[in-house]
Structure formats: structure tokens, C-alpha cells
Amino acid sequence: MPRGYSFGRAEDATHPEFMRAALAEFISTLIFVFAGEGSVLALDKVYKETGDSGVVMIAVAVAHALGLFAAVSASINISGGHVNPAVTFGALVGGRISLLRASFYWIAQLLGAIVASLLLRIVTNGQRPVGFHVSSGVGEFHALIMEMVMTFGLVYTVYATSIDPKRGSIGIIAPLAIAFIVGANILVGAPFDGASMNPARAFGPALVGWRWNNHWIYWLGPLVGGALAALIYEYMLIPTEPPHHTLHQPLAPEDY
């Protein structure tokens with residue numbers, strides 16, 4: 001049954017658990033963006049030297065998957081391991097998180113992405129983050145749909161393995177499945193629009209590298225795709241009155 005929609009209590013903003021959750025999202029997003037964008041910067045040199053774009057794309061997908069697996073695993077027991085404003089938006093649309101908590105998560109995720117991009121610029125001796133843009137020959141509408149579909153798959157996976165109260169005890173499967181779907185989607189979408197699926201992942205490098213081409217796509221696409229996944233899973237796949245023998249203990253509101 002849907003958790004219910006709420007703004008959140010003002011006193012929650014200073015609650016230690018609330019602050020720990022936001023800090024976890026900040027650090028985990030920093031870890032993920034540093035690994036993901038860092039792999040793009042590092043492997044860009046490999047591509048220039050070898051000309052083998054296929055190997056580079058696979059390596060970037062693997063780097064993102066490994067970085068996200070670590071980031072989600074490190075924060076899933078503290079904040080739910082969102083590491084993505086689109087995931088947080090999906091949880092908000094599904095009534096699994098309050099607006100206040102979601103706002104703090106968004107701020108933490110964006111700050112984490114910005115700090116990661118700044119650190120990359122420092123350690124690479126001033127190299128500008130690449131970020132995302134629509135490839136030549138690909139229309140903006142097609143890229144928008146691509147981002148929506150890929151993020152739909154991501155948030156649907158998050159719901160099935162991490163948010164669904166019927167999921168039971170599946171331990172490491174949640175961060176592993178989330179990492180796998182992101183890595184797989186990068187192999188599909190990278191040649192067309194870079195495959196962001198994450199507004200924070202796109203925003204940090206765009207700000208620090210000052211590259212804003214087609215940037216709106218990397219907000220609208222993931223947010224719409226994430227919201228659709230949440231609505232479908234929440235209202236069509238989670239029974240409103242499940243039999244008692246199939247019930248699992250639901251997450252406390254503070255968990256998300």
C-alpha cells in the first residue's frame with residue numbers, strides 16, 4: 001500500500017538520522033560521479049591513442065557500474081542508496097519519501113556531483129569534465145525518449161529490489177541489480193546521448209566544465225522516466241491488500 005504523501009515535519013530537518021541520510025547521499029553521489037566522470041576523462045586519452053571506441057565504451061560502462069555498486073552499497077542502509085535525483089523523485093511520486101527529505105537528498109546529490117567534478121578538475125591538472133551531450137545525427141526528441149526509457153528501467157529496478165515492501169531479505173542483490181542496469185543502459189545509450197539517467201551525474205560536470213548543450217534533456221528525461229516507473233510499480237504491482245502470509249515488515253518512513 002502506498003506510504004502516503006507528506007511534506008515532512010520541520011523538526012525532521014535537524015534530526016540526526018535525517019542529517020546522516022543526507023550526508024550519505026552526498027558522499028555516495030561524490031563517489032559515483034568521481035568514478036563515472038573520471039573514467040570518461042581517463043579513457044578519453046586511451047581512445048585518442050588507440051582509436052578503439054568500443055573498448056572505451058565498455059570500460060566506461062563497467063566503471064559506472066562498479067562505482068554505483070559501491071555507492072549504493074555504502075548508503076542503502078542509511079539513506080536508501082538513491083544516489084540519483086530521479087530515484088528520489090520516483091520515491092516521492094510513489095509516496096515513499098516526504099517532500100522535505102527529498103529536497104535534502106536533491107541538494108546533497110547535486111553538491112556531491114559538483115564536488116566530485118571539482119576534484120576531478122584539480123587532480124587532472126585542469127581538464128574540463130566532459131558531461132553529456134546528444135550525439136551528432138541524433139534528434140533531441142529521440143535523446144529525450146532514450147533517457148526516459150533508460151531511467152524507467154533503472155527506477156523500476158530500484159523499486160523491485162530496494163523499495164518494494166514485499167522484496168524480503170535480498171541483501172546484496174539490490175545494489176548489484178541497480179549497478180547492472182546502469183551499466184547495461186550505458187552500453188545501449190552512450191553512442192546516442194551519453195546515457196546519463198541521473199540529473200546529478202549530468203549537472204556536476206556541466207557546471208564545472210561549463211558544457212550545457214542539450215542539458216535540459218538530462219533533467220526532463222530521467223525525472224519523467226523515474227516518475228512513470230514509480231507510478232506503475234506502486235499502483236499496479238504492489239497489491240493494495242496482500243494476503244497476510246505474503247506480507248513482509250514494511251520500511252519505516254525514515255528509511256526513505
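One cavity of 30 Å³ or more is present in the structure, which is a predicted model. The volume of the largest cavity is about 90 Å³. Its lining consists of 15 residues. Leu-68, Asn-84, Leu-154, Val-182 and Asn-198 are the closest of these to the centre of the cavity. Three helices each contribute at least two lining residues: α2 (53–75), α5 (140–163) and α6 (173–193). Rolling a probe the size of a water molecule over the atoms reveals where empty space is left.

The fold around this cavity was then examined. The protein chain contains eight helices and zero strands. Read from the N terminus, its elements follow the order α-α-α-α-α-α-α-α. The protein chain has 256 residues, and 48% of them are buried. Contacts with a separation of 6 or more were also analysed. Of these contacts in the protein chain, 82% join residues 24 or more positions apart.

Gln-109 gives an example from the interior. This residue belongs to helix α4, which spans residues 99–123. Its relative accessible area is 0%. Buried means under 20%, so Gln-109 is counted as buried. Residues up to four places away in sequence were set aside when its contacts were listed. The remaining contacts of Gln-109 are Glu-25, Thr-29, His-82, Val-83, Asn-84, Pro-85, Thr-88 and Ala-200. One of these contacts, Asn-84, is also among the cavity-lining residues closest to the centre of the largest cavity.

The outside of the model was considered next. The accessible surface of the protein chain is about 11,900 Å². Carbon and sulfur atoms account for 69% of that surface. A nonpolar patch lies on the surface. Its members are Tyr-5, Tyr-156, Leu-231, Ile-232, Tyr-235, Met-236 and Leu-237. Together, these residues have about 690 Å² of accessible area. Helix α8 (residues 217–237) supplies five residues of the patch, the largest share.

Ile-232 is one of the patch residues and is located in helix α8. Its relative accessibility is 32%. Partly exposed covers the range between under 20%, which is buried, and over 50%, which is exposed. Ile-232 is therefore classed as partly exposed. The two residues examined thus fall into separate classes: Gln-109 in helix α4 is buried, whereas Ile-232 in helix α8 is partly exposed.

Terms used. Residues are numbered from 1 along each chain as its sequence is written. This is a predicted model: local features need pLDDT of at least 70, side-chain atom pairs count only at pLDDT 80 or more; totals for chains, interfaces and linings use all residues. Side-chain values use heavy atoms; hydrogens and water are left out. Patches are made of residues with over 30% relative accessible area and no salt bridge: like charges are joined within 9 Å, nonpolar side chains (Val, Leu, Ile, Met, Phe, Trp, Tyr) within 5 Å. Accessible areas come from the Shrake-Rupley method with a 1.4 Å probe; for residues, only the protein chains shown count as cover. A salt bridge is a side-chain nitrogen of Lys or Arg within 4 Å of a carboxyl oxygen of Asp or Glu. Helices (H or I, at least four residues) and strands (E, at least two) are DSSP runs, numbered from the N terminus. Buried means under 20% relative accessible area, exposed over 50%, partly exposed in between (1.4 Å probe, protein chains only). Contact means heavy atoms within 4.5 Å. On a 1 Å grid over the protein atoms alone, a cavity is a set of points where a 1.4 Å probe fits but cannot get out, and a pocket is an open set with protein on both sides within 12 Å along at least five of seven lines; lining residues have an atom within 4 Å of a point. Grid points are joined across faces, edges and corners, and a volume is the space filled by probe spheres set on the points.
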